[in-house]
Amino acid sequence: MKTVSEAIKTVLEHTRPCGAEEVSIFDSAGRVLLEDVYSNRDHPPYDVSAMDGYAVRSEDIGGASRENPAILTIVDDIKAGSMPQRAVESGQAARIMTGAPLPQGADTVVRVEDTDTDGRVVKILTTSARGTDIRRKGENLREGEPLLHTGTDLKPAEVGILAMVKKKVVRVGRSPSVAVLSTGDELEGLEDEFSPLKIPDANSYTLMAQLSLTGAVPELAGIARDRKEELREKLSRALAYDAVVVSGGVSVGHHDFVRETIKELDIDMKFWRVAIRPGHPFAFGISQEGVPLFALPGNPVSAMVCFEVFVVPAIRKMLGAKRLFRKAVRVAVGGTVKDKKGRTNFVRVRIENTPTETVARLTGRQGSGILMNVVGADGLLIVPQECDELKEGDSALCQLLSVQSFQERPPVNEV
Ligand code: AMP
Ligand code: MG
């Protein structure tokens, strides 16, 4: 049986990037950049003021204070977007706005709050070191400098950089299409009539949501009943997509036909069973055409956890991303977590900040069928394979569930 790390390694060895496409900057957020982007300009293009205030010569304001201000003659008024009309000579100052170019002769900006004026002269009420409140030419971007590398996730700041260098169209990873198939005689589809005796299909929807939020394009492939022919037919149709995610029927039950069908379809099964809790019967294979197939256990929490641990890195690789894994953060354990040795356990937790640390608390009972214990969870607390107990206050890693983690109160509370 593979360890979690071995299973991830095997999955990644057999998944390939889906190639590139071009999109407009308007559609680029959330995509993975597949080119290197260089700066085509200096930004700022010249030294500019970082404040509304006065551009001065530092030697003119040495020792200035409220009691003993330096008095300078105002010789210019420079707005952002216009050029200085004259140099600042000894004994002079130019009124200057944030983002406006620094005039010749000036080497320092004094913010307006530290001045007093009658419009003709300005009193400088503090001393400022030379260079204060000046943004230097090229301090943000330098022409020719590499800014964003291939494999970068395009988030708001990255999109802003694209705009700054006039990249209206960008090469990004093509989003893989992924067929999502559920299996089981007991399942009631979303469109089926309500039956108190059936089990509602949750996995199709949790998995499609996970896929969308990971950047893939999910396709609902429906429910296959526990019959070999039906499973074979639905699975073989699913293989037309870039990847297949099937849930249920992969365990050792008498009606678990997924593994058998996988073999019949000539899918090369790389492994079955991983030392993970929940989600032990997870299986992975590759079709003759190179389509990866992830066979997840049927229990909704197991399916979700296996997706986070094994499918997310694979989708990220298909997208061409450089960072394949969900971010993990170190937390203090907020209660006792008991476990059996031999499997890596991913426990559903909520993360809270106390005045001194970040604490992860269990969301509730951890049964792999209790989807409500993932509702509101921020992450999966990792109990290592050879650990059978985490005690209150122990330090552990917590893999964040997604970027959609929010908290009730603002993180700052100034008095
Ligand atoms: P299986 O892996 O097929 O043995 O299923 C394990 C458990 O997960 C059973 O209790 C199933 O009813 C349940 N299950 C399987 N597929 C789904 C699904 N798509 N949605 C919700 N529960 C499911
Ligand atoms: Mg089943």
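Of the 14 residues around ligand 1, which come nearest? They are E186, D201, A202, G249 and G298, where a residue is near a molecule or strand if one of its heavy atoms lies within 4 Å of it. This is a predicted model, in which local features need pLDDT of at least 70, side-chain atom pairs count only at pLDDT 80 or more, and totals for chains, interfaces and linings use all residues. Residues are numbered from 1 along each chain as its sequence is written, chains are lettered from A and ligands numbered from 1 in the order in which they are written, and side-chain values use heavy atoms, with hydrogens and water left out.

**Ligand 1**

The table lists polar contacts of ligand 1; such a contact is a pair of N or O atoms within 3.5 Å, and within protein one must be able to donate a hydrogen and the other to accept it, while residues adjacent in sequence count only if both atoms are side-chain atoms.

| Ligand 1 atom | Partner | Distance |
|---|---|---|
| nitrogen | S182, N or O atom in the side chain | 3.4 Å |
| oxygen | G249, polar backbone atom | 2.8 Å |
| oxygen | N299, polar backbone atom | 3.2 Å |

On its own, ligand 1 has 490 Å² of accessible area, and the protein covers 77% of this. Accessible areas come from the Shrake-Rupley method with a 1.4 Å probe; for residues, only the protein chains shown count as cover. Two or more residues of the shell come from each of β13 (177-183) and β15 (199-200). Helices (H or I, at least four residues) and strands (E, at least two) are DSSP runs, numbered from the N terminus.

**Helix α2**

Helix α2 spans residues 156-164, and E158, V159, I161 and L162 are buried in it. These residues lie on the same side of α2, because they cover an arc of only 155° around the axis, the arc being that of the directions from the helix axis to the C-beta atoms. P156 and A157, on the other side of α2, are exposed. Buried means under 20% relative accessible area, exposed over 50%, and partly exposed in between (1.4 Å probe, protein chains only). The buried residues of α2 pack against β2 (37-38), β11 (146-148) and β12 (169-173). After α2 comes K166, with a positive phi near 60°.

**V331**

V331 sits in strand β22 (residues 328-333). V331 counts as buried because its relative accessibility is 3%. Beyond its neighbours within four places in sequence, V331 is in contact (heavy atoms within 4.5 Å) with T358, A360, L381, D394, S395, A396 and C398. The C-alpha atoms of V331 and L397 are 6.0 Å apart, although 66 residues separate the two in sequence.
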